Amino acid sequence: MDWMESGKMAVKTLTANKMRSMLTMLGIIIGNSSVIAMVGIGQGAQKLASDQFKSLGPNLVVVVPGANAAQTRASDPPKTLVLEDAQAIAEQVPAVTAVAPQRQNQFAIVRDGLTSTSSVIGTTPDFLSVRSFDVAKGRFITQSDLEADNLVVTLGSEMATRFFGNRDPIGEQIRIKGVSFQVVGVLKEKGAFLGSNQDDTAYVPLTTMVNRLTGRTSPYGLDVSVIYASAKNENNVSAAQYQITNLLRLRHQITTDDDFTVQTQKDILNIVGTITGGLTIMLAAIAAISLLVGGIGIMNIMLVSVTERTKEIGLRKAIGASGQDILTQFIIEALMLSAAGGAIGTVVGIGGVTLVAALTPLQAGIAPAAIVAAVGVSGGIGLFFGVVPARRAAQLDPIVALRES
């Protein structure tokens, strides 16, 4: 018997028991679709996180208070960075073009009876260039605002819409923590960053933030939450990181462990990529378990099929079919079940990834490697788990088979 004839007989056998064949394929379908969907969604999450960090600003260097170990031990990091550190970096680090220190808190913001608890960021004029923000109308914080502790505020686009609707907010007043501020500008839409809505944020002069809203909490000066610095170009990022580290060690008179951490955008992206990559592999591995379950289901049904078709196997052997012919037919049936399940599962998985990309911010994509791997594994599982029942069928004695039937 040739492979073509065995294939035709396998198709007839499988279509004669449509419901059982579909239920047998279900495990493969779920496994394939899950693997493809999980890998696609995982890669989408990785790309989303990467794009969000890139949106922070070009050639960014981030300085935060406390060493990495200290930050993991305490939810409130030590207040070791001050405005003077940022000014020293801007003046004394040749690899840096601009520096933007920042201090952030949540405050109640009130306008005409409407109250919203939102983020308020105290910063400096260079924030726009360092963080790649643009002004939609009005202006941003100026150096004179910073020096005079002016009560001025620039609003994110969403906050401006919430408090003023379609009206022009420039020149209007809002109250932050009970203090009246004049709106001088509105920023262009920026989007969310790691779950934080950057458009629902108010921006005030850093000195005003400390002197009128939060108070001074560090014995070293006007403390800040983070310092963002922009390197001259991509080739200067590592040099900027090295120079900033040395400068701050000298300023803080450090001889042992640093009381700050300097990270580049690349460092952060590598950490995020490692985390999201690990999560993607874990999700794909969990989803792949259903492929194994599907393979066991194929073996189980094929063993049942061998028992049910004992008479057929006996008759075929009695009229001249060899054990190899019987083995080939049952292996083909198992491969057809796994191949059909793999094809349907691939379509379902691609559909799921497309739906996620359309309905969520995740830029989920279809990974060709995941499709090839899932289909290849499902075919291998069909072959592997189909061998045992096929061998059992091929080894049946025709006389015993006809007698038992």
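Guide: Contact, in what follows, means that heavy atoms lie within 4.5 Å. With that in mind we can look at this predicted model, starting with helix H4, which spans residues 83-92.

Visitor: Which residues of helix H4 are buried, and what covers them?

Guide: In H4, the buried residues are Leu 83, Asp 85, Ala 86, Ala 88 and Ile 89, so each of them has under 20% relative accessible area. Their cover includes strand E2 (96-111), helix H8 (206-214), strand E11 (226-231) and helix H9 (237-251), and because cover is judged by contact, these elements bring heavy atoms within 4.5 Å of the buried residues.

Visitor: What makes a set of residues a nonpolar core, and which members of the largest one touch the most other members?

Guide: The residues must be buried, belong to a list of nonpolar types such as Val and Ile, and be joined through side-chain atoms within 4.5 Å. The largest such core has 27 residues, and those that touch the most other members are Val 63, Ile 89, Val 96, Ile 227 and Ile 244. Among the elements that each supply at least two residues of this core are strand E1 (60-65), H4 and strand E12 (260-264), while H9 gives the largest share, with 5 residues. Leaving aside residues up to four places away in sequence, Ile 244 touches Val 61, Val 63, Ile 89, Val 93, Val 96, Ala 229 and Val 262. A second, separate core of 25 residues includes Ile 29, Ala 284, Ala 321 and Ile 326.

Visitor: Why is Val 348 called partly exposed?

Guide: Its relative accessibility is 44%, and because partly exposed covers the range between 20% and 50%, Val 348 is placed in that class. Val 348 belongs to helix H12, residues 323-359, and its C-alpha atom is 8.0 Å from that of Ile 29, although 319 residues along the chain separate the two.

Visitor: What makes an empty space in the structure a cavity, and how many of 30 Å³ or more does the structure hold?

Guide: A 1.4 Å probe has to fit there without being able to get out, and the structure holds 1 cavity of 30 Å³ or more. The largest cavity has a volume of about 100 Å³, and of the 12 residues that line it, Leu 14, Arg 20, Ser 21, Ile 301 and Ser 305 are the closest to its centre. Two or more lining residues come from each of helix H1 (3-16), helix H2 (18-54), helix H10 (265-308) and H12. The lining divides into 4 nonpolar, 5 polar and 3 charged residues.

Notes: Residues numbered from 1 in each chain as written. Predicted model: local features only at pLDDT ≥ 70, side-chain atom pairs only at ≥ 80, totals over all residues. Heavy atoms only, no water. Helix = DSSP H or I, 4+ residues; strand = E, 2+ residues; numbered from the N terminus. Buried < 20%, exposed > 50% of the residue type's maximum accessible area, 1.4 Å probe, protein only. 1 Å grid on protein atoms, 1.4 Å probe; cavity = no way out; pocket = protein on both sides within 12 Å on 5 of 7 lines; lining within 4 Å. Points joined across faces, edges and corners; volume = space filled by probe spheres on them. Nonpolar A, V, L, I, M, F, W, Y, C, P; charged D, E, K, R; others polar.
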